[in-house]
Each structure stands twice: as structure tokens, then as C-alpha cells.
Amino acid sequence: MKYKRAAIRYAKALMQLSKEKNCLQATYKDMLLLDSVCKENKDLRLLLSSPIVNSKKKLEILTQIFDSKTSDLTKAYISIITNKKREALIPEISESFISQYKRYSNIQEATIITSSKISQKTKDKVVKYIQAQGAKKVELLEVINEKIIGGAIIRIEDKQLDLSISNEISKLRKTFNKNTYS
């Protein structure tokens with residue numbers, strides 16, 4: 001992530017171009033695809049950042065992978081970035097574009113951590129709680145962690161609501177460790 005600022009600028013430019021061309025939703029889907037492929041394939045990330053492989057060969061490989069799956073705007077954008085020898089930024093650009101799109105569309109990401117799978121009714125209650133905080137749409141990611149014993153931990157951006165039993169036990173432990181009778 002050493003080129004974070006450049007990736008943000010490229011993503012912002014792609015966002016503006018997508019708005020002008022009225023294909024923001026298609027570009028968002030393309031960036032989700034790019035992001036998932038880059039995250040799943042370490043070899044692709046290494047290829048993109050390799051100084052040994054020339055940009056022309058990298059563009060050929062990217063075209064073979066994404067040509068039939070992406071829009072014309074995304075293909076052109078990938079071509080421009082590789083011609084400028086900035087193809088190593090593609091994973092970061094896609095991440096940055098996704099976060100900018102979510103901010104623009106008022107989509108709130110949230111994570112709920114529980115000890116077991118929760119019902120749809122509980123998910124709906126969590127979504128309503130988050131929407132009450134001001135988000136239009138909520139993308140809820142469910143994580144199962146048996147170490148929290150019971151209850152739930154809800155994370156929204158940099159905020160965390162810890163209602164887990166393990167947290168309550170930890171608080172009790174701290175209370176009992178204080179020697180108030182000395």
C-alpha cells in the first residue's frame with residue numbers, strides 16, 4: 001500500500017468518468033470483480049508488480065482475464081493504467097473505487113461477530129439499528145467466532161458495540177482483580 005495516494009486519485013478519476021458516461025453501476029461491478037480476482041490470486045498481484053515483465057505483456061494477460069467480463073470503460077481504463085506503467089496499482093485502485101462508490105451511494109459496511117449463526121430476524125434488527133444511525137443501505141458481514149462465548153460484537157467503521165459474554169467476563173475479572181479491601 002505504498003502508492004495509496006495515487007490509487008485514490010486514479011479511482012476518483014474513474015469514478016468521475018463513470019458518472020459522466022452514466023455507467024457507474026457497471027464500473028462498480030467491474031471493480032468488485034477486479035478486487036476479488038486480485039485478492040484471490042497472489043500470482044496476479046506479483047505479476048502486476050513485477051518489473052521483469054513488460055507492460056505490454058501484462059496488458060495482454062489482463063485482457064485475456066477480464067476482456068469478456070468487464071465493460072468497455074473498464075477495459076480502456078486498464079489499458080491506460082498499464083500504458084502509463086502503473087499496473088501495480090490496479091488492486092489498490094479497485095479497493096479505493098469500491099470504498100468511494102459506497103461512500104457516494106451511502107452504503108454502510110458493518111460486521112457482526114457472533115459465536116454461532118444468527119437468524120434472519122436478528123440480522124434485520126441489526127440492519128435497522130445501523131440504518132437508524134443514518135445509512136441508506138447496509139452491507140452486513142457475518143463472522144462466527146466461538147471465543148466470544150455468546151452475545152455479539154457489531155463493528156461500524158471505527159465504532160464497536162461489544163455485547164459479548166467474553167467482554168462481560170473480562171470486565172468482571174478486572175473488577176475482581178482490583179483489591180478494594182486493602
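In helix 1, the buried residues are A6, A7, A11, L14, M15 and S18. The model described here is predicted. Helix 1 packs through its buried residues against three partners: helix 2, helix 5 and helix 6. An α-helix has 3.6 residues a turn, so residues three or four places apart point the same way. The length of helix 1 agrees with expectation, because its 17 residues should span 24 Å at 1.5 Å a residue and its end C-alpha atoms are 24 Å apart. After helix 1 comes N22, which has a positive phi near 55°.

The helices contribute to a shared interior. In soluble globular proteins, nonpolar side chains tend to be buried together. The largest nonpolar core in this model holds 29 residues. Within this core, L44, L62, I90, I93, F97 and Y101 touch the most other members. Two or more core residues come from each of helix 1 (4-20), helix 2 (24-40), helix 3 (42-49), helix 4 (55-66), helix 5 (72-83) and helix 6 (90-104). Helix 2 supplies the largest share, six residues. A second, separate core has 11 residues, including A110, V126, A135 and V138. In the largest core, L44 serves as an example of the contacts made. Residues up to four places away in sequence aside, L44 touches V37, C38, L62 and I65.

Aromatic pairing was examined next. A pair of aromatic rings is described by the distance of the centres and the angle of the planes. A search of the whole structure gives one aromatic pair. Its members are Y28 and Y101, and the pair is stacked. The ring centres are 3.9 Å apart, with 20° between the planes. The pair links distant parts of the chain, as Y28 belongs to helix 2 and Y101 to helix 6, 73 residues apart. Y28 and Y101 are both buried. Y101 is also among the residues that touch the most other members of the largest core.

The strands were considered as a unit. Four strands make up an open sheet, in the order 2-1-3-4, with mixed pairing. Strand 2 (137-144) and strand 4 (159-162) are at the edges; each has a single partner strand, so one side of each lacks a neighbour in the sheet. On average, neighbouring strands are turned by 20° against each other, direction ignored.

The pairings can be taken in turn. Strand 1 (residues 107-114) and strand 2 run parallel and are joined by eight bridges. In this pairing, I112 has E142 of strand 2 as its bridge partner. Strand 1 pairs with strand 3 in the antiparallel sense, over five bridges. Here the bridge partner of A110 is I156 in strand 3. A110 also belongs to the second core. Strand 3 and strand 4 run antiparallel, joined by four bridges. I154 has L161 of strand 4 as its bridge partner. Strand 3 is mostly covered, with four of its five residues buried. Strand 3 and strand 4 form a hairpin with two residues between them. In the turn, E157 has a positive phi of about 55°.

Several loop residues merit a separate account. K85 lies in the loop between helix 5 and helix 6. Its phi is near 60°, a positive value in a residue other than glycine. The relative accessibility of K85 is 61%, over the 50% limit, so K85 counts as exposed. I149 is placed in the loop between strand 2 and strand 3 (152-156). The phi of I149 is near 65°, again positive in a residue other than glycine.

N106 occupies the loop between helix 6 and strand 1. With a relative accessible area of 30%, N106 is partly exposed, because that class lies between the 20% and 50% limits. Its neighbours within four places in sequence aside, N106 contacts G134, A135, K136 and K137. One of these contacts, A135, is a member of the second core. K137 falls within the residue range of strand 2 (137-144). By contrast, the C-alpha atoms of N106 and L59 are separated by 34 Å, with these positions 47 residues apart along the chain numbering.

Technical notes. Residues numbered from 1 in each chain as written. Predicted model: local features only at pLDDT ≥ 70, side-chain atom pairs only at ≥ 80, totals over all residues. Heavy atoms only, no water. Core = buried A, V, L, I, M, F, W, Y, C linked by side-chain atoms within 4.5 Å. Buried < 20%, exposed > 50% of the residue type's maximum accessible area, 1.4 Å probe, protein only. Contact = heavy atoms within 4.5 Å. Pairing = 2+ DSSP bridges. Axes fitted to C-alpha atoms, helices over the stretch in contact; angles between N-to-C directions. Phe/Tyr/Trp six-rings, centres within 6.5 Å; stacked < 30°, edge-to-face > 60°. Expected span 1.5 Å × (residues − 1).
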